[in-house]
Amino acid sequence: MTGERPLDLVLLEMALLVLLGPLVTGTIQKLKARLQCRQGAGVLQPYRDLAKLFRKGTVQADTASGFFRTIPVLVLAATVAAGALVPVVQAGPPAIPFGDALLLLGLLALARFLTAIGALDTGGAFGGMGASREMTIAPLVEPVLMMVVFSTAVAAGTTELGALAAHRGSSWILDWHAADFLGFAAMLVLLPSETGRIPVDNPDTHLELTMLHEGMLLEHSGPGLGCMLLASHTRQIVTLGLVSALFFPVAAYGTDVTGLLLGAAAFAAKILVLAIYLALVESSYAKLRLFRVPQYLAIGFVCALTALALRIL
Amino acid sequence: MISLPPDQELLLTGTLLMAACYGAGALSSLLALWSGRLALGTGHLAALAGAVAGLGVSLGVLLGDPGRTLTQPLPDLFPFARLSLAVDGLSAYFLLVISVVAVAAAIYGPAYLRAHSPDAGAARQGAQVFALNAFLGCMVFVCSAGDALTFLLCWEGMTLASYVLVVTDDRDGKNARAGLLYLVMTHGGTALLLVGFLVLTERAGAFDFAALRAAAGGLDGATRTTLFFLALAGFATKAGVVPLHVWLPRAHPAAPSHVSALMSGVMLKAAIYGMLRFGFDLLAPVAGPLPASWGWTVLVAGTISAVLGVLYALQQHDLKRLLAFHSVENIGIILIGVGLAMILWRAEGAGGALATVALTAALLHTVNHAAFKGLLFLGAGSVLCRTHIRNIEELGGLARRMPWTAGLFLLGAIAISALPPLNGFVSEWLTFQALLGGASRFHGAAGLGIVFSAAMLALTGGLAAACFAKAFGVTFLGRARTPQAERATEAPPSMIAGMVWLGALCVALGVAPGYAMRLLDAPTVALLGGPGASAVVTAQGPLVLSTALTLPGTDATAISMTMVAALLIALTAMAWVLRRGAWNAAPRTVPTWTCGMSPTARFDYTATAFAKPLRFVFAALYRPRREVTRETAGTPYVVRRIHYAGEIVDLSETQIYHRVERGISRLSRAIRGRSTGRIYGYIGFVLGALFVALLLFGVGQG
């Protein structure tokens with residue numbers, strides 16, 4: 001088996017994802033601002049926001065139960081744990097088995113479930129509204145994501161992401177089958193939904209008519225909100241990492257320091273491509289009405305189903 | 001004294017102990033003549049002893065040499081049949097599932113019954129104790145029956161005892177109607193089973209399973225398939241497979257909560273046991289794979305049940321009814337595994353190993369569902385006995401009043417939503433792996449069908465999470481919406497102990513599932529005759545689950561729930577430090593932001609509102625009916641009062657049952673119109689019918 005990743009490398013990659021998560025958000029914000037002919041905040045703004053939040057005190061709703069304080073901790077832990085399952089600088093399964101794509105989706109779903117619980121805990125209508133909408137969209141996205149994963153997994157014979165990336169190797173668009181194109185198209189449709197962006201959600205607003213994910217964070221404050229935001233940043237980069245592991249090529253750079261640095265640079269380049277895509281989509285489309293979103297997701301479903309059909313038939 | 005081999009001795013003592021305990025428990029209902037409280041205590045204690053004995057027997061058989069059958073003749077009660085018990089790996093595994101939940105129910109029961117209905121008379125308490133012990137005893141002997149007669153007698157006993165438990169707590173006549181529907185539906189199912197069994201026993205000339213198996217060997221394909229579908233329909237009625245599920249969401253919530261836990265968590269599994277026993281053992285051809293129609297029917301029925309079960313659960317606001325619909329869903333998930341195992345069984349190449357993975361997934365989900373559904377029903381029972389409200393819209397804010405119950409219910413909710421790191425995820429992961437492996441084996445439409453089933457399973461998981469975010473959030477979080485919820489207090493310790501036992505199982509089976517695979521060896525070997533579960537799934541050590549989707553030897557997908565759980569704990573500790581912040585100041589408490597108005601319980605998001613977007617998305621399946629009546633004061637702009645009524649109909653009820661009902665009514669009206677009221681007309685009709693029946697019989701013989 002090629003490119004087995006030892007445990008310390010896996011943990012290093014996980015830490016890298018957590019550290020780079022806010023940078024991706026900052027980059028997307030900056031790109032969006034430039035596309036809208038604004039100067040925009042610097043790419044490091046999310047880090048400054050986090051540092052500010054972790055220095056602040058906490059204000060808590062009087063209706064919140066004992067769960068409320070632990071929700072941000074558990075959400076952050078589950079999201080970061082999902083980061084350990086994404087291959088970053090190297091392909092190949094980890095030397096010690098951790099988890100596969102299904103476990104990754106499961107951990108992200110756990111984080112989302114706990115966020116919804118936290119939103120309902122304070123007994124405000126905004127939290128409930130956000131939770132209800134998020135839990136409406138999530139069951140529609142998850143099967144499609146799962147089918148995209150299956151469409152590559154059926155070819156590779158495994159659902160382990162490192163092994164999937166190794167199976168794709170360094171081949172890219174020229175070697176792609178029709179199924180790959182369709183799967184990738186489905187993934188591009190789903191990406192704004194999974195990262196909570198336009199046209200499904202709007203990360204920039206706290207207006208109750210438009211928000212999904214932000215609505216669930218309204219009652220969190222101080223370090224708790226910091227944990228939730230860090231979890232959102234991490235979730236975004238983990239999702240982008242999932243796409244890049246499934247569809248982008250991985251070159252074998254070796255396991256020495258230069259190899260790892262080259263791998264990290266290649267990963268950064270792939271994430272940047274996806275970040276530019278997200279910024280472009282956000283700047284050129286309006287947010288869909290909530291009840292239009294299922295139709296939008298249906299495009300992804302059809303693409304994923306066709307991709308699978310092409311793989312299997 | 002004749003010395004028996006140790007296995008035989010284990011079975012003999014074990015079954016004697018179980019029979020004695022459950023018998024003593026049933027008899028202790030007589031104590032109710034003296035004191036109802038005493039009867040409750042002794043009866044449940046006896047049930048606990050019986051359950052522990054059951055655990056002992058099943059673990060003894062499961063950890064022993066796989067692939068053997070222990071038999072034990074019973075006293076001759078009937079001149080025409082020899083009764084016996086036969087315990088193989090499959091029986092022992094289901095015995096384990098029953099005993100695990102029975103332990104929790106027996107610990108939980110007495111305090112629950114006293115707290116829920118303190119004014120209950122001694123007669124009712126005696127009846128409940130008697131029926132509970134009879135119910136448990138019959139379930140145990142259904143799964144360890146060695147002949148058709150014992151099986152059917154215990155099956156019937158199980159139905160009757162649970163019927164008694166369903167109708168004991170009748171306040172408004174609703175439960176009696178639910179019980180009647182339950183009785184009618186399950187007896188319809190039993191009738192089908194009876195036909196299946198009688199055809200086999202008539203050929204075999206004996207009742208024991210070994211003779212039936214031998215007789216089934218000579219059947220032709222069409223008869224074999226007909227018999228299988230008869231048995232399948234019979235068992236599916238009991239298991240609550242869509243569209244035969246209509247009794248389930250009515251009868252299960254009507255029983256006392258610990259009995260609901262047993263009915264949902266365990267009794268449905270007796271039907272799964274029956275399906276496995278018929279499909280893989282009694283009716284299976286001597287060599288070669290099962291007919292393709294069997295597995296595909298089970299797979300399709302399972303997929304439909306899983307999706308429709310969770311969709312209807314989503315729109316329920318009665319906590320126990322919601323849980324009952326989730327049983328329909330989980331039976332569907334189990335049947336997906338069973339169906340896939342039937343399709344892949346005895347297929348060439350890696351198919352055998354894949355069939356083992358599919359069956360392992362189904363059996364693991366059986367025990368997982370028993371654990372988390374038991375836990376959730378007990379949690380719902382704790383809420384019920386403190387508030388006497390089942391409608392979650394009228395609850396709320398219970399997490400601060402009942403922290404233990406809330407925490408354990410949340411644990412069960414995470415487990416049933418198939419979220420890691422708990423047990424529900426593990427069995428669904430195995431099901432997904434088996435489905436993917438099956439899809440890569442079958443090309444063409446079959447493969448696509450299997451993958452579609454996998455996508456539906458993913459949809460089911462997501463919807464279950466949405467449903468339990470609703471159920472937990474609206475019941476336990478926010479503000480109390482009624483005085484009863486305001487006054488609720490924590491459940492008694494013995495009830496919490498029963499829940500902790502099941503909660504601990506959910507965690508253990510989720511974090512270290514590899515150790516449970518050892519218990520699955522015996523049933524998988526007994527049924528499939530191929531490699532055992534632990535050889536296929538835990539090939540890389542007990543902490544790692546691995547399956548090969550394609551040929552053995554190529555890259556296997558491996559996950560380690562233990563590693564992930566350890567990572568989660570470490571990360572939680574780190575995040576906790578981060579959460580404390582730089583100052584670790586105590587949080588300032590202020591009212592929730594409600595746009596400047598003073599917050600009341602009416603600001604809480606209701607369950608109806610929470611589920612509304614999904615009601616719109618799946619409107620084609622729900623056919624929602626809503627009625628809004630406005631009461632205006634002269635002009636349409638001044639609204640005095642708005643009355644809103646909404647309803648979701650169960651499609652199978654309106655499309656199938658109501659049509660059948662209308663058909664029967666029409667037919668009986670037509671017959672009434674033709675009735676003359678003259679007695680010789682009827683006698684002539686009876687004679688004519690007899691003549692035709694004899695004629696048909698003669699043609700059939702000839």
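Biologist: What makes strand E6 (residues 625-633) of chain B count as hardly covered?

Modeller: The count of buried residues among its nine residues is zero. A residue is buried if 20 or more other C-beta atoms lie within 10 Å of its own, exposed if 12 or fewer, and partly exposed in between, with the C-beta atoms placed from the backbone. This is a predicted model, in which local features need pLDDT of at least 70, side-chain atom pairs count only at pLDDT 80 or more, and totals for chains, interfaces and linings use all residues. Residues are numbered from 1 along each chain as its sequence is written, while chains are lettered from A and ligands numbered from 1 in the order in which they are written.

Biologist: Thanks, that helps! How do you know that E6(B) pairs with strand E7 (residues 635-647) of chain B?

Modeller: Two strands pair if DSSP finds at least two bridges between them, and nine bridges join E6(B) to E7(B), so the condition is met. The two strands run antiparallel, with Thr632(B) opposite Val639(B). One residue lies between the strands of this hairpin, where Gly634(B) takes a positive phi near 75 degrees.

Biologist: And why is E1 (59-61) of chain A called a strand?

Modeller: A strand is a DSSP run of E with at least two residues, whereas a helix is a run of H or I with at least four, both numbered from the N terminus. The run 59-61 of chain A therefore qualifies. Three bridges join E1(A) to strand E5 (residues 588-590) of chain B, and these two run parallel. Gln60(A) has Thr589(B) as its bridge partner.

Biologist: What else does chain A have in the way of secondary structure?

Modeller: Chain A comes to 11 helices and one strand. From the N terminus, two helices are followed by the strand, and helices make up the rest.

Biologist: What makes chain A as compact as a globular protein of its length?

Modeller: The globule rule is 2.2 Å times the number of residues to the power 0.38, and the radius of gyration is taken over C-alpha atoms. For 313 residues the rule gives 20 Å, and chain A has 19 Å, which is close to it, so chain A is as compact as a globular protein of that length. Its C-alpha trace spans about 55 × 45 × 40 Å along the principal axes, and 65% of its residues count as buried.

Biologist: How do you know that chain A touches chain B?

Modeller: Two residues are in contact if their C-beta atoms, placed from the backbone, lie within 7 Å. By that test, 75 residues of chain A are in contact with 75 residues of chain B. H5(A) gives the largest share of the chain A side, 17 residues. By class, that side has 48 nonpolar, 19 polar and eight charged residues; here Ala, Val, Leu, Ile, Met, Phe, Trp, Tyr, Cys and Pro are nonpolar, Asp, Glu, Lys and Arg charged, and the others, Gly among them, polar.

Biologist: Why is helix H6 (residues 161-168) of chain A called mostly covered?

Modeller: Seven of its eight residues are buried, including Leu161(A), Leu164(A) and Arg168(A). The buried residues of H6(A) pack against H4, H5 and H9 of chain A. Just after H6(A), Gly169(A) takes a positive phi of about 60 degrees.

Biologist: What makes a set of residues a nonpolar core?

Modeller: The set consists of buried Ala, Val, Leu, Ile, Met, Phe, Trp, Tyr and Cys residues joined through C-beta atoms within 7 Å. The largest such core has 363 residues, and Ala78(A) and Phe135(B) are among those with the most contacts inside it. Helix H13 (residues 351-387) of chain B gives this core its largest share, 22 residues.

Biologist: What makes Cys37(A) count as buried or exposed?

Modeller: Cys37(A) has 7 other C-beta atoms within 10 Å, so it is exposed. It lies in the loop between helix H1 (7-35) and H2 of chain A. Its phi is near 60 degrees, a positive value in a residue other than glycine. Most residues other than glycine have a negative phi, and most peptide bonds are trans.

Biologist: Where, then, is a peptide bond cis?

Modeller: The bond from Ile198(A) to Pro199(A) is cis, with omega near 15 degrees. Pro199(A) sits in the loop between helix H7 (178-194) and helix H8 (213-217) of chain A.
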